[in-house]
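Please examine the sequence and the three-dimensional structure shown here before reading on. The briefing is arranged by topic.

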Amino acid sequence: MNDKKYFGVMLDCSRNAVMKPEQVMRFADIISSFGYNSIQLYTEDTYEIDGEPYFGYLRGRYTKEEIKAIDEHCMEKGVELIPCIQTLAHLNQIFRWSDYASIRDTDDILLAGEEKTYELIDKMFFTLAESFTSRKVNIGMDEAHMLGRGAYLDKNGLVNRFDILKKHLERVLSIAEKYGFECMMWSDMFMRLASGGDYYTFDKPVTSEAKACVPKNVNLVYWDYYHTEKRVYDGMFSVHKQLAGDKVWFAGGAWTWVGFAPRNGFTIKTMAPAMKSAAKNGIRNVFVTMWGDNGKECSFYSVLPSLYAIRKMYDGETDESSIKNGFKEIVGIDFDAMCLLDLPSDADGGKNTNNNPCRYLLYSDPLLGVMDSTVSKNTANEFKKAAKKLSPYCGDGEFAYLFETEKLLCETLALKCDLGGFLREAYKSENVEALKNGIKKIKKTEKKLKEFYYSFKNLWQKENKPHGFDVQELRIGGLMLRLSSARERIEDYLAGKISSVPELEETILDPFCRKGEEGKPVCMQTYSFTSTVNSL
């Protein structure tokens, strides 16, 4: 019996940013000094497969040689590199190519029961066996909510989706066993069966039907990035144990997916009770996910304070000063100083942990003002204060470039966040001098945005392969052009070349349709939602 206990991280290398091999190696160096012994490399299609030229095409996919080099370095550091892939859903990128049309069910989901699907999955495992030393693998299987509702439905009629899942899983496990792999998978699909539809529910008895659906040779990964009460984790671990016995892993989250800035504060707030519960419930295997939703704007290094604290909390360390001193001794930077990287996400005072003003206020259109109603009188000042707090750490040090990028982001947002409201008020009151000041404000914003762009580009080029930065350039470049266009429109209006600026005559509504409701949160928003209400 293998008594090894796994404590690791998961690096999302599928949301445009594929971390450079040498950066994965550097990350392994750091986390091994924290007491971590594994890395799950999350790759949906960003790894090469023999005979599948369109799998990960133009996406910066890892070659087998690159994975082998990372694997070898990790082993030298006592870190096991574990493949983390998808064998059911979350494969939307491959379906842009007609080569995969015949194995698509719907949305981002593979067509279960189709032999060509299992031919591709067999190739996946053949590649993993050649590239990784580890024979652990995370096969995904999460959030396939529309399973059996597309091409599968047309072909087979209406079939219970859990029956589809069970049969598909059996085929995948059989293929994995062929190549010597032991599988784990995200647990949400089975948990929804056990609870009647909800994931985070633990007050209902686990049915024999639900237990029977979980194969004996698969580990279930309970993932939870949100809860701050230990009782929730205790309850969820209890349900998972009923479903999978001792084959339960836990995945927490270090918040890197809410824009350009992390949320170390909320990460620790959720992971402190999670680690107490995991230790109490005898959960031997733990890893911390770092997702890159909506383009992966945030550096994984920005949550190093969280990663260090999480490891110590699992070990039972409760002394905050001891944790902070230990972190500084290893990383060479003050714990609290590095947590200042949270600031661009906290322009709302940090009250709403699922908020991302550093993204949605950057991309909110200067004329349409999709997000203008969310800007308070203090927002610009909050960004100014954040920039000043980040500034002292922009000079020397391994991670100075992170502080420089976020400082420039805050300086940009201090100018940009209330620009739409400023222009609209000046226009509606027919204040010519204010509109002229608005033109000056736009020019300053354009200049500062360009500075931020070059700093962010430097960050990306340092940490990631070049593939995927095209998306960032399209977004930031589009914003630059919109700022320029807005400035020209105001100039033309003042010069009498146009009689009106119709966008500024619109009444701005709350984008979340809250209608004056107090306390209803502003949820994390994507670029497409915040930049325009028109079709992209």
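What follows is a summary of the overall form, the cysteines and several individual residues.

The coordinates are those of a predicted model. The secondary structure of the protein consists of 19 helices and 10 strands. Of its 536 residues, 57% count as buried.

**Overall form and surface**

- A compact globule of 536 residues would have a radius of gyration near 24 Å, and the 25 Å of the protein therefore agrees with that expectation.
- Along the principal axes, the C-alpha atoms fill a box of roughly 75 × 60 × 50 Å.
- When contacts between residues at least 6 apart in sequence are considered, 77% of them join residues at least 24 apart.
- The exposed area of the protein is about 22100 Å², of which carbon and sulfur atoms supply 48%.
- The side chains include 71 positive and 77 negative ones, and the centres of these two sets lie 2 Å apart.

**Cysteines**

- The count of disulfides in the model is zero.
- Why is Cys410 not bonded to Cys358? The closest cysteine sulfur to that of Cys410 is in Cys358, at 8.1 Å, and this is too far for a bond because a disulfide requires sulfur atoms within 2.5 Å.
- Cys417 is likewise in no disulfide, and its nearest cysteine sulfur, that of Cys410, is 10 Å away.
- Cys410 has 0% relative accessibility and therefore counts as buried, the limit being under 20%.
- Cys417 has 3% relative accessibility, so this residue counts as buried.

**Loop residues with positive phi**

- Leu58 has a phi near 65°, a positive value in a residue other than glycine.
- Leu58 is placed in the loop that runs between β2 (38-42) and α2 (64-76).
- Is Leu58 buried or exposed? With 60% relative accessibility, Leu58 counts as exposed, because the threshold for that class is over 50%.
- Glu430 also has a positive phi, near 55°, and is a residue other than glycine.
- The loop between α16 (419-428) and α17 (432-463) holds Glu430.
- Glu430 has a relative accessibility of 65% and so counts as exposed.

**Tyr118**

- Tyr118 belongs to helix α3, which covers residues 115-131.
- The relative accessible area of Tyr118 is 5%, so the residue is buried.
- Which residues does Tyr118 touch, not counting those up to four places away in sequence? They are Ala112, Gly113, His168, Arg171 and Ile175.
- Tyr118 and Lys241 are separated by 123 residues in sequence, and their C-alpha atoms are 30 Å apart in space.

**Lys328**

- Helix α11, spanning residues 320-331, contains Lys328.
- Lys328 has a relative accessible area of 45% and is therefore partly exposed, a class that lies between the buried limit of 20% and the exposed limit of 50%.
- With its neighbours within four places in sequence left aside, Lys328 is in contact with Ile333 and Asp334.
- From C-alpha to C-alpha, Lys328 is 45 Å from Leu368, and the two residues are 40 apart in sequence.

**Ile498**

- Ile498 occurs in the loop between α18 (469-494) and α19 (527-531).
- The relative accessible area of Ile498 is 27%, so this residue is partly exposed.
- Apart from its neighbours within four places in sequence, Ile498 is in contact with Arg489, Asp492 and Tyr493.
- How far apart are the C-alpha atoms of Ile498 and Asn534? The separation is 23 Å, and the two residues are 36 apart along the chain.

Terms used. Residues numbered from 1 in each chain as written. Predicted model: local features only at pLDDT ≥ 70, side-chain atom pairs only at ≥ 80, totals over all residues. Heavy atoms only, no water. Helix = DSSP H or I, 4+ residues; strand = E, 2+ residues; numbered from the N terminus. Rg over C-alpha atoms; globule rule 2.2 N^0.38 Å. Buried < 20%, exposed > 50% of the residue type's maximum accessible area, 1.4 Å probe, protein only. Contact = heavy atoms within 4.5 Å. Areas by Shrake-Rupley, 256 points an atom, 1.4 Å probe, with all protein chains shown as cover. Lys, Arg positive; Asp, Glu negative; His and termini not counted. Charge placed at Lys NZ, Arg CZ, Asp CG, Glu CD.
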